[in-house]
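Subject: Handover of a structure and findings

Dear colleague,

Please find below the structure that I am handing over to you. After it, I set out what was found.

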Amino acid sequence: MWFEEFTNKHDIVQYRFYEKYKDPLTDKWKRVSVVMNKNGKQSQKEAQKRLNERIEVKLNDKTPSTLKTLTFHQACDEWFEHYKTVSGSKQSSITSIASRVKLAKKHIAADVLANKINVNILNDLVKSVDEDGISHKYIKDTIRLVRHVMKYLQKKYKIKDISFIDDVDLPKQAKTRDEIKAKRENYLEMDQVKEVTNRLNEVAKQKVSEHIKRTYLISAYIMEFQALNGMRIGELLAIQPQDIDFDNKTLTIDGTIQWIRDKEGHIGIKDTTKTEASYRTISLTNRSCEILKKVILENKKSLKWGDDYIERGFVFTNFKGSPLSIPCINRLIQSACSDIGIDKHVTTHTMRHTHISLLSQLGVSLKAIMQRVGHTDHKTTLQIYSHVTEQMDKDMMSKLEAVNS
């Protein structure tokens, strides 16, 4: 032990005592210090005691030096780079996770250390995000992301306890009766689909602009094709001519649209399907084949006569040759529904449910429906399937009662 005499900012003489120790992780000599007001034997003895205590703390601290300065923001970035390397996730998943990383970092201060994250910080995050009107599912997904980050740190840097994440107060929202009913009845009858597509075609004829006329026309084809085949809208927009086998009347579903730009700056690229079960080949009706042929013909017309059309290899496209915008399709469908008096919130996803409903009414098995629409979880399919079959049972009883009257 040695000391240095110095005068502090208040012009008082003090003594800084030092002691050396060897860091077992680096084999380098380091030192600790304490400040005492006196330099007598008693003060030297107390200084030695405090120095020994500090050395003991240093030697027992197993925290890697990098973790001592690693902020939560840096930890998120480090985990995300690791995730992109080892997860094998498709671009849509990576894009979705990137947005949750951004959200978590937005609501936790940039200088908060990763090993200082606790339940209070995460509860403040949840409260702040909830006040911003973010959906409860998205909040839960964000906390799940934080859990992944902390598990990564636990494995790499040997953080001992991250169980506090289980104590985070996640928001719950009870669904109203109307919301439950609307979800169960989120489909149309095929005659309603026909009415809506007829309305879209009527409006198309009234438009002067060829661009707008085409948008209404393609939206009508999309709505009918989806109702006849039950594919996700992203899968439908990713259809390419080579996916279609007109001779055998089949369609291979092997991708979905991601709304990012390609190397030429065009919006929309084809990515892999949502899940392995989503990769499938389905049979097509004559009407489905007819729709595909008509849309392909429209594309050829646009390529020949349109100044803006670029052949990018997609079937259901806008006037520039890129996949038609989902919000645009939904807006036109909802407007057409309102025009003809259908009082429901109808989207492209409603058409997927419409197909499931149609197959249920035809008596197709639950397993066959799941395979056709690419479902891995039976819950969604069963929810629609059960509601339709319940309605069929009621219709059956009404017909039986009519027989006896």
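In what follows, contact means that heavy atoms lie within 4.5 Å. Please also keep in mind that this is a predicted model.

With that meaning of contact, we may begin with Thr71. This residue is found in the loop between helix H2 (65-69) and H3. Leaving aside residues up to four places away in sequence, Thr71 touches Ala110, Asp111, Val112, Leu113 and Ala114. Is Thr71 buried or exposed? Its relative accessibility is 12%, so Thr71 counts as buried, the limit for that class being under 20%.

A second residue of this kind is His136, which is found in helix H6. His136 has a relative accessible area of 19% and is buried. In sequence, His136 and Val126 are ten residues apart, while their C-alpha atoms are 9.4 Å apart in space.

Next comes helix H4, which covers residues 91-106. How far apart are the end C-alpha atoms of helix H4? At 1.5 Å a residue, its 16 residues should span 22 Å, and the end C-alpha atoms are indeed 22 Å apart, which agrees. The buried residues in H4 are Ser92, Ile94, Ile97, Arg100, Val101, Leu103 and Ala104. Among the elements that cover them are helix H3 (72-86), helix H5 (119-131) and helix H6 (136-157). Strand S6 (256-261) and strand S7 (267-271) are also included in that cover.

I turn now to the sheets. Strands of a sheet pair through backbone hydrogen bonds, either parallel or antiparallel. One open sheet is formed by three strands in the order S1-S2-S3, with antiparallel pairing. Strand S1 (2-7) and strand S3 (28-36) each have a single partner strand and stand at the edges, so one side of each is left without a neighbour in the sheet. On average, neighbouring strands of this sheet are turned by 30° against each other, direction ignored. S1 pairs with strand S2 (residues 13-23) in the antiparallel sense over six bridges. Opposite Glu5 stands Tyr15 in S2. Helix H1 (residues 41-60) packs on the sheet, where it touches S2 and S3. The direction of H1 makes about 140° with that of S3.

Another open sheet has three strands in the order S4-S5-S8, and its pairing is antiparallel. Here strand S4 (244-245) and strand S8 (280-283) stand at the edges with a single partner strand each, so one side of each has no neighbour in the sheet. S5 and S8 run antiparallel and are joined by four bridges. Leu251 has Ile282 in S8 as its bridge partner.

The packing of helices deserves a separate note. Two packed helices are described by the angle between their axes and the distance between the axes. Helix H9 (residues 210-229) and helix H13 (residues 348-361) pack at an angle of about 35°, and their axes are 6 Å apart. The crossing of these helices, H9 and H13, is right-handed. On the side of H9, the contact is made by Met223, Gln226, Ala227, Leu228 and Asn229. On the side of H13, Thr348, Met351, Arg352, Thr354, His355 and Leu358 take part.

Finally, I come to the charged side chains. Side chains of opposite charge can pair when their charged atoms come close. How many salt bridges does the structure hold? There are 18 salt bridges. One of them joins the side chains of Lys84 and Glu81, at 3.0 Å from N to O. Lys84 and Glu81 are three residues apart in helix H3, which means that about one helical turn separates them. Lys84, at 35% relative accessibility, counts as partly exposed, and Glu81, at 45%, also counts as partly exposed.

The side chains of Glu235 and Arg232 meet in a salt bridge as well, at 2.7 Å from N to O. Glu235 and Arg232 are both buried.

A further salt bridge, at 2.8 Å from N to O, is formed by the side chains of Asp254 and Lys270. Asp254 lies in the loop between strand S5 (250-253) and S6, and Lys270 lies in strand S7, so the pair ties together parts that are 16 residues apart in sequence. Asp254 counts as partly exposed at 29% relative accessibility, and Lys270 is partly exposed with a relative accessible area of 25%. In addition, Glu224, Arg287, Glu290 and Lys294 are joined into one network by salt bridges that share partners.

Yours faithfully,
A colleague

How values were computed: Residues are numbered from 1 along each chain as its sequence is written. This is a predicted model: local features need pLDDT of at least 70, side-chain atom pairs count only at pLDDT 80 or more; totals for chains, interfaces and linings use all residues. Side-chain values use heavy atoms; hydrogens and water are left out. Helices (H or I, at least four residues) and strands (E, at least two) are DSSP runs, numbered from the N terminus. The expected span of a helix is 1.5 Å times one less than its number of residues. Buried means under 20% relative accessible area, exposed over 50%, partly exposed in between (1.4 Å probe, protein chains only). A salt bridge is a side-chain nitrogen of Lys or Arg within 4 Å of a carboxyl oxygen of Asp or Glu. Two strands pair if DSSP finds at least two bridges between them. Axes are lines fitted to C-alpha atoms, for helices over the stretch in contact, and angles run from 0 to 180 degrees between N-to-C directions. A crossing is left-handed if the near helix is turned anticlockwise from the far one by less than a right angle, and right-handed if clockwise.
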